[in-house]
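Here is a short report on helix packing and sheet order. Start with the model itself.

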Amino acid sequence: MMAMKVGVIGAGSISEFHLKAYMNNPDVELYAICDLNEERAKEKAAKYGIKFVHTNYEEMLQDPELEAVSVCTWNNTHAPISIAALNAGKHVLSEKPLCKTVDEALRVEEAVKKSNKVFQIGYVRRYEPSTNVLKSFIDSGDLGEIYYAKASYIRRLGNPGGWFADKERSGGGPLIDLGVHIIDICWYLMGKPKVKSVSGNVYQKLGNRSNIQNLSFYKAADYDPNVNTVEDMANALVRFENGASIFVDVSFTAHAKKDEISLKLYGDKGGAEVDPNLVIMSEKHDTILNTEPQVDPISADYAVPFQNEINHFIECCKTGNRPISPIEDGVEMMKILCGIYESSEKKSEIHFNTEPQPV
Ligand SMILES: NC(=O)c1ccc[n+]([C@@H]2O[C@H](COP(=O)([O-])OP(=O)(O)OC[C@H]3O[C@@H](n4cnc5c(N)ncnc54)[C@H](O)[C@@H]3O)[C@@H](O)[C@H]2O)c1
């Protein structure tokens with residue numbers, strides 16, 4: 001079988017993980033690359049032996065030989081690029097978040113349905129080996145009914161600046177950037193219950209703290225300490241129709257003692273901690289057991305989940321199978337994220353009931 005011709009749109013930091021993974025997949029030919037910044041695109045083309053370099057994605061999508069694309073651009077361009085690619089008959093793997101608004105999410109969903117092409121959302125944490133191990137325990141009933149999850153992604157200093165700090169291009173701060181990963185993974189492992197309501201608080205209290213000395217953090221290429229229009233911190237309680245709930249808090253900066261990432265699931269037969277290491281809690285013979293499945297920790301090698309994500313995408317393109325992170329899951333997550341921003345603004349809970357509410 002001929003190798004699939006793949007293009008990557010957006011040649012910044014995350015594209016490196018996509019490009020490497022495509023390069024390692026024997027069924028792929030890295031065929032085209034596109035970035036507004038021509039130098040950046042040319043560098044990647046030289047590094048990965050890519051034939052075609054573009055600065056305009058619409059021009060790139062006109063090539064009938066091109067079969068699939070990864071969308072690795074700023075969040076505000078995910079929806080228009082994904083829709084244009086689907087309309088041009090290409091399979092699409094879009095980075096998270098799906099987009100900035102629920103309206104946009106529904107438009108991408110419509111384009112997916114019309115196109116009959118594969119659309120996969122880059123919820124890379126679903127492709128972690130430890131996630132798959134835990135999912136197999138959950139699917140076998142070891143946790144029973146999961147009724148509560150608690151997820152935290154706290155950076156004491158870590159607003160990346162650049163487009164991440166520009167609400168127009170990012171759609172928001174730590175909630176849409178970090179919250180999307182940890183809410184999604186809880187929701188996925190809980191069996192994707194239907195969201196009923198959200199109550200959230202978003203804070204813009206500390207700014208980007210570019211004044212802090214002697215502590216380093218990741219900065220976007222276009223970092224400018226004077227630009228920051230996103231929240232520093234957010235928290236939320238998400239309720240589901242089956243009665244389950246998630247409590248989440250995230251920050252780009254906060255007066256916290258240290259950075260912290262933790263993810264906990266509570267079921268009626270057992271519990272689990274996913275971060276920082278996988279532990280499964282249970283009860284046997286009137287004794288509580290903490291079991292530590294031996295799996296590489298999350299941060300051991302970021303290349304592994306990206307390789308799994310991209311291999312899965314290519315497999316779906318070849319077989320027509322539905323990806324494990326389909327468009328519907330992107331739409332549901334945009335409802336949750338936008339609901340949290342709206343709840344904070346209105347200072348009240350947001351309900352998603354389709355049935356008419358009593359007045
Ligand atoms: N899955 C993960 O864990 C993860 C991690 C980091 C970033 N991301 C996501 O990846 C995306 C990119 O993030 P990044 O860190 O690589 O940012 P980046 O700033 O390093 O790179 C983005 C690139 O996109 C280009 N670009 C923007 N609009 C474009 C357009 N219309 N056409 C062509 N090129 C365009 C920019 O010029 C830039 O080179 C974001 O959506 C981010 O949320 C995901």
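In which sense do strand 13 and strand 14 pair, and over how many bridges? Strand 13 (residues 279-284) pairs with strand 14 in the antiparallel sense, over 5 bridges. Ser282 has Leu289 of strand 14 as its bridge partner.

This is a predicted model: local features need pLDDT of at least 70, side-chain atom pairs pLDDT 80 or more, while totals for chains, interfaces and linings use all residues. Numbering runs from 1 along each chain as its sequence is written, and side-chain values use heavy atoms, without hydrogens and water.

**Sheet.** Both strands belong to an open sheet of 9 strands with mixed pairing, in the order 14-13-12-11-7-10-9-8-15. Pairing takes at least two DSSP bridges between two strands. The edge strands pair on one side only:

| Edge strand | Residues |
|---|---|
| Strand 14 | 287-291 |
| Strand 15 | 350-351 |

Helix 8 (residues 174-189) lies across strands including strand 7 (146-154) and strand 10 (245-251). Helix 8 runs at about 155 degrees to strand 10.

**Helix pair.** The axes of helix 4 (residues 78-87) and helix 5 (residues 102-115) come within 9 Å and cross at roughly 10 degrees. That makes helix 4 roughly parallel (under 35 degrees) to helix 5. Contact means heavy atoms within 4.5 Å. Among the residues that meet are Ile83 and Leu86 in helix 4, and Val108 and Ala111 in helix 5. The contact residues divide into 7 nonpolar, 3 polar and 3 charged.

**Helix 1.** In helix 1 (residues 15-24), the buried residues (under 20% relative accessible area, 1.4 Å probe, protein chains only) include His18, Leu19 and Tyr22. The buried residues of helix 1 pack against elements including strand 1 (4-9), helix 2 (38-48) and helix 9 (303-319).

Notes. Axes fitted to C-alpha atoms, helices over the stretch in contact; angles between N-to-C directions. Helix = DSSP H or I, 4+ residues; strand = E, 2+ residues; numbered from the N terminus. Parallel < 35°, antiparallel > 145°, perpendicular 65-115°, else oblique. Nonpolar A, V, L, I, M, F, W, Y, C, P; charged D, E, K, R; others polar. Buried < 20%, exposed > 50% of the residue type's maximum accessible area, 1.4 Å probe, protein only.
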